[in-house]
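Colleague: I would like a close look at a single part of this model, set against the protein as a whole. Please take your time over it.

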Amino acid sequence: MTAQEVERGRFVRQPNRFTARITADGAGGYPAEAGRYRLFVSYACPWAHRSLIVRRLLGLEDALPAAVVDPIRDERGWRFPDPDPVTGAAFLSELYLASDPSFEGRYTVPCIWDTVTERLVTNDFPNITTTLETEFTALHAPGAPDLYPEALRPEIDELNDLVYNTVNNGVYKAGFATAQDAYEDAFDALFATFDRLEERLAGSRYLFGDRITEADVRLYPTLARFDAVYYSHFKCNLRRLADHPNLWAYARDLYSIPAFGETTNFDHIKRHYYVTQRNINPSGVVPKGPLVDWTAPHGREALARA
Ligand SMILES: N[C@@H](CCC(=O)N[C@@H](CS)C(=O)NCC(=O)O)C(=O)O
């Protein structure tokens, strides 16, 4: 977070700098080709997590190789545990500055690097997942799900907007607020949306019936971090995820799917937030709890088609 990102006590996220689009036909100069691009992620980051889930659900692991940064970040930004074998970079900043020497923002994950032009194509996280879903279709594994079905897009986009503003980014607005009213506004909006989702998930296995969509992919990373981090570190403590029977069972249902569960790294998540964000946790001490069983039976298989 830069100082400019808190305006009158409210957290305002920086705009994404790299917004070129990879397309199936390559019209903008970036064709969707197997092996051409490299995805940079942190397991800790919810915006990166969604790209890992989609990549795995669609079977794009070989077509789009990924590199994972160390969960602890200092003032130099994200660091690779070992220099990245493809780009040679030791820090993510090197890739940002190679692409734009005048770049002055935060060096963020997720981002996609083009090995042909040796430039970053995009760090525009909302478009990374939908690009994989709609422009990489020729590279999808046989039988891959359609996560962004055309007929549902307006409804998915509408729900995603609410979830982004009040949940995904809502927890950050609560956690990084430096004014009481900004914090309380974010807190109230977050739990109001949790109430709506709790009700929606009472009769529906996933957010859009019995198929997983982009909406589930976007909600899940915040739920996965909620009790371990956001409840305490970001002061989102009206209720735990575990106090919402439907949302909690839904989150465990998703966790049982390898694309969700195997991309969820609680060690990276906890160490990243509590050690790196010293502005709100100056000691860097990482809480030992909570004790949460993500593998407990969720019982949602029987939910009827919504
Ligand atoms: N690109 C967006 C979202 C992605 C994002 O915030 N990623 C975080 C990790 S969750 C990051 O890489 N932060 C690096 C930093 O703050 O230096 C942004 O610029 O705010």
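Colleague: What percentage of the 306 residues of the protein count as buried, and which residues of helix H1 are buried?

Modeller: This is a predicted model, and everything that follows should be read with that in mind. Of the 306 residues of the protein, 53% count as buried, and the secondary structure that they form comes to 10 helices and six strands. The radius of gyration is 19 Å, close to the 19 Å that the globule rule gives for 306 residues, so the protein is as compact as a globular protein of that length. Its C-alpha trace spans about 50 × 45 × 30 Å along the principal axes, and, among contacts between residues at least 6 apart in sequence, 71% join residues at least 24 apart. About 13,400 Å² of the protein is exposed, with carbon and sulfur atoms supplying 50% of that area.

Against that background, helix H1 covers residues 46–57, and its end C-alpha atoms are 17 Å apart, which agrees with the 16 Å that its 12 residues should span at 1.5 Å a residue. Because 11 of those 12 residues are buried, H1 is largely enclosed by the rest of the structure. The buried residues are Pro46, Trp47, Ala48, His49, Arg50, Ser51, Leu52, Ile53, Val54, Arg55 and Leu57, a list in which His49, Arg50 and Arg55 stand alongside Leu52, Ile53 and Val54. After the helix comes Gly59, whose phi is positive, near 70°.

Two threonines elsewhere in the chain may be looked at in the same way. Thr193 is found in helix H6, which runs over residues 180–200, and it counts as buried because its relative accessibility is 3%, under the 20% cut-off. Leaving aside residues up to four places away in sequence, Thr193 touches Leu162, Thr166 and Val167. Thr213, for its part, lies in the loop between H6 and helix H7, the latter covering 214–233. With a relative accessible area of 0%, Thr213 is buried, and, with residues up to four places away in sequence again not counted, it touches Leu147, Pro149, Ile156 and Phe208.

As for charge, the protein has 33 positive and 42 negative side chains, and the centres of the two sets lie 4 Å apart.

Conventions: Residues are numbered from 1 along each chain as its sequence is written. This is a predicted model: local features need pLDDT of at least 70, side-chain atom pairs count only at pLDDT 80 or more; totals for chains, interfaces and linings use all residues. Side-chain values use heavy atoms; hydrogens and water are left out. Helices (H or I, at least four residues) and strands (E, at least two) are DSSP runs, numbered from the N terminus. Buried means under 20% relative accessible area, exposed over 50%, partly exposed in between (1.4 Å probe, protein chains only). Contact means heavy atoms within 4.5 Å. The radius of gyration is taken over C-alpha atoms; the globule rule is 2.2 Å times the number of residues to the power 0.38. Accessible areas come from the Shrake-Rupley method with a 1.4 Å probe; for residues, only the protein chains shown count as cover. Lys and Arg count as positive and Asp and Glu as negative; His and the chain ends are not counted. The place of a charge is taken as NZ of Lys, CZ of Arg, CG of Asp or CD of Glu. The expected span of a helix is 1.5 Å times one less than its number of residues.
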